[in-house]
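Reader: I am new to reading protein models, and I would like to go through this one slowly. Could you take my questions in turn?

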Amino acid sequence: MLDGVQCSFSYQKRAHFWSASKAKDKHDSARFRRLKEIAQDNRNHRQSINFNIGEMQTRRWYDSSHSENVLEWFFRTTSDYGRSFVLPLLWLALSFLMFATIYCIAATGNFSSFWQKIAASVAFSFGQAFPFIPVSRTARINGESALFCNNISETIIGVAALQGVISVLLLFLFGLALRNQFKV
């Protein structure tokens, strides 16, 4: 019934180049919600997701708080609203490399001995990114020993916790995208 239906909302012009576009009509979110319900009733999952995204985008300016807008931006940027399974993997790889670099710089304190500790920092970063894989515990312990001589600072513990949270969120978004891709 809804195959091939395309729907979009009209935007108001941006006041400045850094400001985001705003939906002209605040009732567009209710229209997208109704289309989403029709798509769900017809078991058209892909259209339901697309209409849900339209609802979120139009609701952003009229019904959402600032914190909800930040979460919605994160959801859009890291996974295209759960439609891309490549984006979370790319962000995960980027964060993995970024945190490995941070650990290596924190351990060496300069760039002259950076390349000597890079393997240990990659192992430590792997252990933080994938704590549910059994070998990651060994990688984490060996990396900590090689990088910080078992004397890890509170700052690095905080950075490692941040990496763990980011990794879990990105892996969840990857799983969500796979679910959305293969749901019938």
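Author: Let us begin with a term: buried means under 20% relative accessible area, exposed means over 50%, and partly exposed lies in between, with a 1.4 Å probe and protein chains only. This is a predicted model, in which local features need pLDDT of at least 70 and side-chain atom pairs count only at pLDDT 80 or more, while totals for chains, interfaces and linings use all residues. Residues are numbered from 1 along each chain as its sequence is written, and side-chain values use heavy atoms, with hydrogens and water left out.

Reader: Is Phe130 buried or exposed?

Author: The relative accessibility of Phe130 is 18%, and the limit for the buried class is under 20%. Phe130 therefore counts as buried.

Reader: What kind of aromatic pair do Phe126 and Phe130 form?

Author: Rings of Phe, Tyr and Trp (its six-membered ring) pair if their centres lie within 6.5 Å, and planes under 30 degrees apart count as stacked, over 60 as edge-to-face and the rest as tilted. For Phe126 and Phe130 the centres are 5.3 Å apart and the planes form an angle of 45°, which makes the pair tilted.

Reader: Which helix supplies the largest share of the largest nonpolar core?

Author: A nonpolar core is a set of buried Ala, Val, Leu, Ile, Met, Phe, Trp, Tyr and Cys residues joined through side-chain atoms within 4.5 Å, and the largest one here has nine residues, including Phe99, Tyr103 and Ile156. Helices (H or I, at least four residues) and strands (E, at least two) are DSSP runs, numbered from the N terminus. At least two residues of this core come from each of α4, α5, α6 and α7, and the largest share, three residues, comes from α7.
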